[in-house]
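Colleague: Could you take me slowly through one part of this model, the way you would at the bench? I would like to see how that part fits with what surrounds it.

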Amino acid sequence: MKEIALHLLDIVQNSVTAGAKRVEIGFVLEEGGKLTMSVRDDGKGMSPEMAERVRSPFVTTRTTRRVGLGIPLLMQNTMLTGGHVELESEEGKGTEIRAIFMTDSIDCLPLGDLSSTMASLIMGNPDAPEFILTCKSPRGEMQFSTEEIRPVLEGVSLSEPDVISWIRGSIQEEVEPLFGGIIR
Amino acid sequence: MKSLAELEAIRKATLSKINLRKEDEDSVTRVVVGMATCGIAAGARPVMLSFVDEIQKRQLNNVTVSQTGCIGMCRLEPMVDVIVPGKEKVTYVHVKPEMVSRIVAEHVVNGRPVAEYTIGAAEAE
């Protein structure tokens, strides 16, 4: 993966597969350059054994093959910066994954195009789950939620090209000033 | 967030298009982009959004873009299926954003698949 935002696109797919109704995505950049990406869902969760095993590339729920690289690749890219991945899950309740990156490390990936990732997620899952994105940095914060725009659209799918393009523009406009410097 | 009034205007403009599409459901062309870990790492996100942009630019009301998982040919990602009703599915491989406008113009709009970008051409090499 070339961007942290691409990891997000990949990881959130797990929440969708777990049947989540609501996925809360967070990016928090702290003064010292520590960036925490979090994904919290209310999907079916994992048993403690599975939560431990998903760190291995040779574990997947998929039945066609026996490898799954999403979480291992994310772990690798956090560890290269001196960060790590935290995972909390409860069966029947949901899962939260937090990836910590030290953005002052030379090996840290750029944050990348968060608005394109959100647009892709919504495009691929227009009816459910709801996606809530919150970004915070010392420069301020922003929030975007599909729950907020769904009532305005009344019957028009979030996957309509004009809507997707509005979503992309809307997120980009607000993310740039918060994270400028670590985006590219 | 951008103004919700703008979104309301988009809703109104889109509603009329959707009605047209409903009347003509059998003629909807589907574009399916592989978006598993392998597809994403190979560059599927800009490819999918290029399809969305191209469809928006050309105001194609009878084309939908959707996503699928990994089908086990990770080395050929990004992969895109174009399914025109009544025709056989065409699979494009190693798709780059620059290739999208040609696929849309020649295949989606004019019904002639771009042979050199297809899985058949890649496998023959």
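Modeller: Happy to! Let's start at the chain boundary: 30 residues of chain A are in contact with 26 residues of chain B, contact meaning that two C-beta atoms, placed from the backbone, lie within 7 Å. Please keep in mind that this is a predicted model, where local features need pLDDT of at least 70, side-chain atom pairs count only at pLDDT 80 or more, and totals for chains, interfaces and linings use all residues. Residues are numbered from 1 along each chain as its sequence is written, while chains are lettered from A and ligands numbered from 1 in the order in which they are written.

On the chain A side, α1 (4-17), α4 (114-124), α5 (146-153) and α6 (161-179) each supply at least two residues. Helices here are DSSP runs of H or I with at least four residues, strands are runs of E with at least two, and both are numbered from the N terminus. The greatest share comes from α6(A), with 9 residues. By class, this side of chain A has 15 nonpolar, 9 polar and 6 charged residues; Ala, Val, Leu, Ile, Met, Phe, Trp, Tyr, Cys and Pro count as nonpolar, Asp, Glu, Lys and Arg as charged, and the others, Gly among them, as polar.

Now follow α6(A) inwards. It lies across β1, β5 and β6 of chain A, running at about 160° to β6(A); axes are lines fitted to C-alpha atoms, for helices over the stretch in contact, and angles run from 0 to 180 degrees between N-to-C directions. These strands belong to an open, mixed sheet of 6 strands in chain A, ordered β3-β4-β2-β1-β5-β6. Its edges are β3 (84-90) and β6, each pairing on one side only, where pairing takes at least two DSSP bridges. Neighbouring strands are turned by 10° against each other on average, direction ignored.

The strand I'd linger on is β5(A), residues 130-137. F131(A), L133(A), C135(A) and S137(A) point to one face and are buried, whereas E130(A), I132(A), T134(A) and K136(A) point to the other and are not. Buried means 20 or more other C-beta atoms within 10 Å of a residue's own, exposed means 12 or fewer, and partly exposed is in between, with C-beta atoms placed from the backbone. On one flank, 7 bridges link β5(A) in parallel to β1(A), residues 22-29, and R22(A) has E130(A) as its bridge partner. Antiparallel β6(A), residues 140-145, is joined to β5(A) by 6 bridges, one partnership being T134(A) with Q143(A). These two strands make a hairpin with 2 residues between them.

Elsewhere in the sheet, 8 bridges join β2(A), residues 34-41, to antiparallel β4(A), residues 94-102; there L35(A) is partnered with F101(A). E96(A) also sits in β4(A), and it counts as partly exposed because it has 18 C-beta neighbours inside 10 Å. Beyond its neighbours within four places in sequence, E96(A) contacts S38(A), R40(A) and E88(A).

Finally, α3(A), residues 70-79, lies across β3 and β4 of chain A at about 140° to β3(A). Its buried residues include I71(A) and L74(A). The buried residues of α3(A) fall within an arc of 130° seen down the axis, so they line one face of the helix; the arc is that of the directions from the helix axis to the C-beta atoms. They pack against α1, β3 and β4 of chain A, together with α2 (37-42) of chain B.
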